[in-house]
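Me: I would like a close look at a single part of this model, with the reasoning spelled out step by step. Please start from the part itself and then place it in its wider setting.

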Amino acid sequence: MNKKNLSLMLLFFCFLTGIAYGQQPDDKHVKIELTVKDGNKPITVMVRSSSVSYSKSANLTAKDSIQKNYYIAIDLERHDINLLTAFAKNKKGLDGQIMMIDTQGKTLPRKIEFKKATLDALTDQFTNDYSSAYLSLNCSGLVIDGINIE
């Protein structure tokens, strides 16, 4: 075999190897779980992503105190019927937590605890090859990694 053919075969092999490697599934090494307490029964679901928002409202209430707003947005692969049932029947809210754990131990775990969370918004998206679900929770209290947010 001459050098030109060998070089072309090597180049072609490297190209195919690069494509095959690039199409491997992402290694998701961060596990995120949402757990709420429905009475004594914990409900745990896997979370794709989550975000936390806190704001102090400039609107004063009748008692002239600042209104505090704690929100958590949660992106799920799909809604869990037990979780939706728990939020539907507990109008005063649920306590729970979101745990983020790096299964490879590269980053420290994160823990977000919330108090009296009520379902503020709900979205379900379906297509022929993709589905997602979003929850927006309004909470009365928030603790992030042991720090009480006030």
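Reply: In this predicted model, I81 and K89 are exposed, and both sit on the other side of helix 2 from its buried residues. Those buried residues, within a helix that spans residues 81-89, are L83, A86 and F87. Viewed down the axis of helix 2, the buried residues fall within an arc of 95°, and they therefore line one face of the helix. "Buried" is used here for a relative accessible area under 20%, and "exposed" for one over 50%, so the labels given to I81 and K89 on the one hand and to L83, A86 and F87 on the other rest on these two cut-offs. At its N-terminal end, helix 2 is capped by D80, which places a side-chain oxygen 3.0 Å from the backbone nitrogen of N82.

As for the wider setting, the protein has two helices and nine strands, and from the N terminus on its elements follow the order α-β-β-β-β-α-β-β-β-β-β. Among the strands, strand 1 (residues 30-38) pairs with strand 2 (residues 41-46) in the antiparallel sense, over six bridges, with V36 standing opposite I43 of strand 2. Two residues lie between the strands of this hairpin, in which G39 takes a positive phi near 70°.

Across the 150 residues of the protein, buried ones make up 25%, and the exposed surface comes to about 10800 Å², of which carbon and sulfur atoms supply 55%. Of the contacts between residues at least 6 apart in sequence, 58% join residues at least 24 apart.

Conventions: Residues are numbered from 1 along each chain as its sequence is written. This is a predicted model: local features need pLDDT of at least 70, side-chain atom pairs count only at pLDDT 80 or more; totals for chains, interfaces and linings use all residues. Side-chain values use heavy atoms; hydrogens and water are left out. Two strands pair if DSSP finds at least two bridges between them. Helices (H or I, at least four residues) and strands (E, at least two) are DSSP runs, numbered from the N terminus. Buried means under 20% relative accessible area, exposed over 50%, partly exposed in between (1.4 Å probe, protein chains only). Contact means heavy atoms within 4.5 Å. Accessible areas come from the Shrake-Rupley method with a 1.4 Å probe; for residues, only the protein chains shown count as cover. The arc is that of the directions from the helix axis to the C-beta atoms. A polar contact is a pair of N or O atoms within 3.5 Å; within protein, one must be able to donate a hydrogen and the other to accept it, and residues adjacent in sequence count only if both atoms are side-chain atoms.
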